[in-house]
Amino acid sequence: MQVIGFNFEKIQAEKKNQIKGKVQISSNIDIKSVTEEKINVVKDKPALKLRFSFIVEYKPDIAEILLDGFVLLLVEKDEAKNALKRWKKKEIPNEIRIPIFNLILTKANLRALQLEEELSLPTHVPLPRLKSQQEIEQESPGKTKYAG
C-alpha cells in the first residue's frame, strides 16, 4: 500500500459562543466511503479513494472544526478487492485502516491546531510544556522524575 494523494476538500471552523466554565473537547474520524479510483499514470495497480471527515467539537455549543477530505492509495489487486468487499459492511482491513487513520490524524490535527489558534480556542490535544523541578515535585512528592 502506498499513499499517492491526500487533500482537504472542506475546511470549516466556527466559534459559536465564548468559553464559560468547563469545556468538553472531543475529536473523531469518520470514513465516509471507499471506492476504486482510476489513475492514468499507474495502470497495473488499482487505487482506492477513502473519503473522510475529521471533527473537533467543543461542548456545550462553543465551537466546531470540520475537515473533509480524501486519501488516495495505490494497492495490490487482492488488497483492493478485499477492502471494497469489506467496505460493504462498513469495515476497513487493519492493514489499511491503521496507517490511514494515523495519516489523517497527523494532517488533520495540525490543521485543527492552526484553526484553534486563529479562533482563540483551547487545543484539542495536549502540547508539550516545560516544567520546573518544583512543579514536578508538587505533582508527585517523594517520587523521582526526570525533568528533561
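**Contacts, charges and turns in a predicted model**

Ser 53 is buried, with a relative accessible area of 10%; buried means under 20%, exposed over 50%, and partly exposed in between (1.4 Å probe, protein chains only). The model is predicted, so local features need pLDDT of at least 70 and side-chain atom pairs pLDDT 80 or more, while totals for chains, interfaces and linings use all residues. Residues are numbered from 1 along each chain as its sequence is written, and side-chain values use heavy atoms, leaving out hydrogens and water.

Ser 53 belongs to strand β3, which covers residues 47-59 (helices, H or I, of at least four residues and strands, E, of at least two are DSSP runs, numbered from the N terminus). The side chain of this buried serine makes a polar contact with the side chain of Asp 68, at 2.4 Å. A polar contact is a pair of N or O atoms within 3.5 Å; within protein, one must be able to donate a hydrogen and the other to accept it, and residues adjacent in sequence count only if both atoms are side-chain atoms.

Strand β3 also takes part in a salt bridge, through Arg 51. Arg 51 pairs with Glu 9, and their closest N and O atoms are 2.4 Å apart. Because Glu 9 sits in strand β1 (residues 2-15) and Arg 51 in β3, the pair ties together parts that are 42 residues apart in sequence. Both partners are partly exposed: Glu 9 has a relative accessible area of 48%, and Arg 51 has 30%.

The model has seven salt bridges, counted where a side-chain nitrogen of Lys or Arg is within 4 Å of a carboxyl oxygen of Asp or Glu. Among them is the one between Glu 57 and Lys 59, at 3.9 Å from N to O. Glu 57 is partly exposed at 26% relative accessibility, and Lys 59 is partly exposed at 40%.

Lys 59 leads into a cis peptide bond with Pro 60, with omega near 10°. Pro 60 lies in the loop between β3 and β4 (63-74). Asp 61 is found in the loop between β3 and β4 as well, and has a positive phi of about 50° although it is not a glycine. Its relative accessible area of 48% makes Asp 61 partly exposed. Ile 62 is 8.1 Å from Val 23, C-alpha to C-alpha, with their positions 39 residues apart in sequence. Val 23 is in the loop between β1 and β2 (24-37) and is partly exposed at 22%.

Helix α1 spans residues 77-87 and contains Lys 81, which is exposed at 64%. Lys 81 forms a positive surface patch with Lys 85, Lys 88 and Lys 89. Patch residues have over 30% relative accessible area and no salt bridge, with like charges joined within 9 Å and nonpolar side chains (Val, Leu, Ile, Met, Phe, Trp, Tyr) within 5 Å.

Lys 90 lies in the loop between α1 and α2. Lys 90 is exposed at 59%, and its phi is near 60°, a positive value in a residue other than glycine. Glu 91 forms a salt bridge with Arg 86, the closest N and O atoms being 3.4 Å apart. Glu 91 is partly exposed at 35%, as is Arg 86 at 30%. Pro 93 is in the loop between α1 and α2 (94-118), and is buried, with a relative accessible area of 1%. Pro 93 and Ala 83 are ten residues apart in sequence, and their C-alpha atoms are 6.3 Å apart in space.

Terms used
Accessible areas come from the Shrake-Rupley method with a 1.4 Å probe; for residues, only the protein chains shown count as cover. Lys and Arg count as positive and Asp and Glu as negative; His and the chain ends are not counted. The place of a charge is taken as NZ of Lys, CZ of Arg, CG of Asp or CD of Glu.
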